Amino acid sequence: MRRRVVLCSLACGAVLVGPLSACAPGTPDKDSWRTDAVRAVDSVASSVATMQLALEQHDGQFYPYLRVVAVNAEEGASSASDRLASRQPPSAYEKSYDSTTSALDDAESLLSDTRIAVVGHEEREFPSLVQQLSDTSEQLQQLENRLRAVPDDWRKP
């Protein structure tokens, strides 16, 4: 009987503690967060560059292919951005977190605008979008370089 009570208590504890432990995000160490941020920025930059190249090479045909590229670029960027945004940054990286997630959100928004233009066959918008994608790609590369740089003082990332 005592064994049954212990097993029942353990099972109930696991049921109650399991969901509660999943509610609060853990705070990664500085290197872990920076690595995650670099990966997210690199992934979003790749989506932006892919979309830019597809628009530059577009010759008025193969809209189904261009549509697939636009949708995949947007979904890939969204996934990478969401993964990073869900991570709790160490306190030393709160400013970097804000600027990084803001840049990723802006890139995501641009990819959404691009998908809308592609699906709507708005070819007159393509040259402007190519330029915006190029500018965004450059900004993301600069952000990635800053994130990769190891600060001299961990309190000033």
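**Overall fold**

I counted five helices and zero strands in the protein, taking helices (H or I, at least four residues) and strands (E, at least two) as DSSP runs numbered from the N terminus. Along the sequence I read the pattern α-α-α-α-α. I note that this is a predicted model, in which local features need pLDDT of at least 70 and side-chain atom pairs count only at pLDDT 80 or more, while totals for chains, interfaces and linings use all residues. Residues are numbered from 1 along each chain as its sequence is written, and side-chain values use heavy atoms, with hydrogens and water left out.

**Burial, surface and contacts**

I found that buried residues account for 35% of the 157 residues. Buried here means under 20% relative accessible area, exposed over 50%, and partly exposed in between (1.4 Å probe, protein chains only). For the accessible surface of the protein I recorded about 9,800 Å², with 52% of that belonging to carbon and sulfur atoms; the areas come from the Shrake-Rupley method with a 1.4 Å probe, and for residues only the protein chains shown count as cover. I then took the contacts (heavy atoms within 4.5 Å). Of those between residues at least 6 apart in sequence, 81% join residues at least 24 apart.

**Aromatic pairs**

I searched the whole structure and obtained two aromatic pairs. Rings of Phe, Tyr and Trp (its six-membered ring) pair if their centres lie within 6.5 Å; planes under 30 degrees apart count as stacked, over 60 as edge-to-face and the rest as tilted. The ring centres of W33 and Y97 are 6.4 Å apart and the planes stand at 50 degrees, so I entered this pair as tilted. Because W33 lies in helix α2 (residues 30–57) and Y97 in helix α4 (residues 94–119), the pair ties together parts 64 residues apart in sequence. I list W33 as buried, at 0% relative accessibility, and Y97 also as buried, at 18%. Ring pairs link W33, Y93 and Y97 into a cluster.

**The loop between α4 and α5**

I located H121 in the loop between α4 and α5. Its phi is near 55 degrees, a positive value in a residue other than glycine. At 42% relative accessibility, H121 counts as partly exposed.

**Helix α5**

I checked the length of helix α5 (residues 126–148). The expected span is 1.5 Å times one less than the number of residues, so its 23 residues should cover 33 Å; the end C-alpha atoms are 32 Å apart, which agrees. Its buried residues are F126, L129, V130, L133, T136, S137, L140, L143, E144 and L147. An α-helix has 3.6 residues a turn, so residues three or four places apart point the same way.
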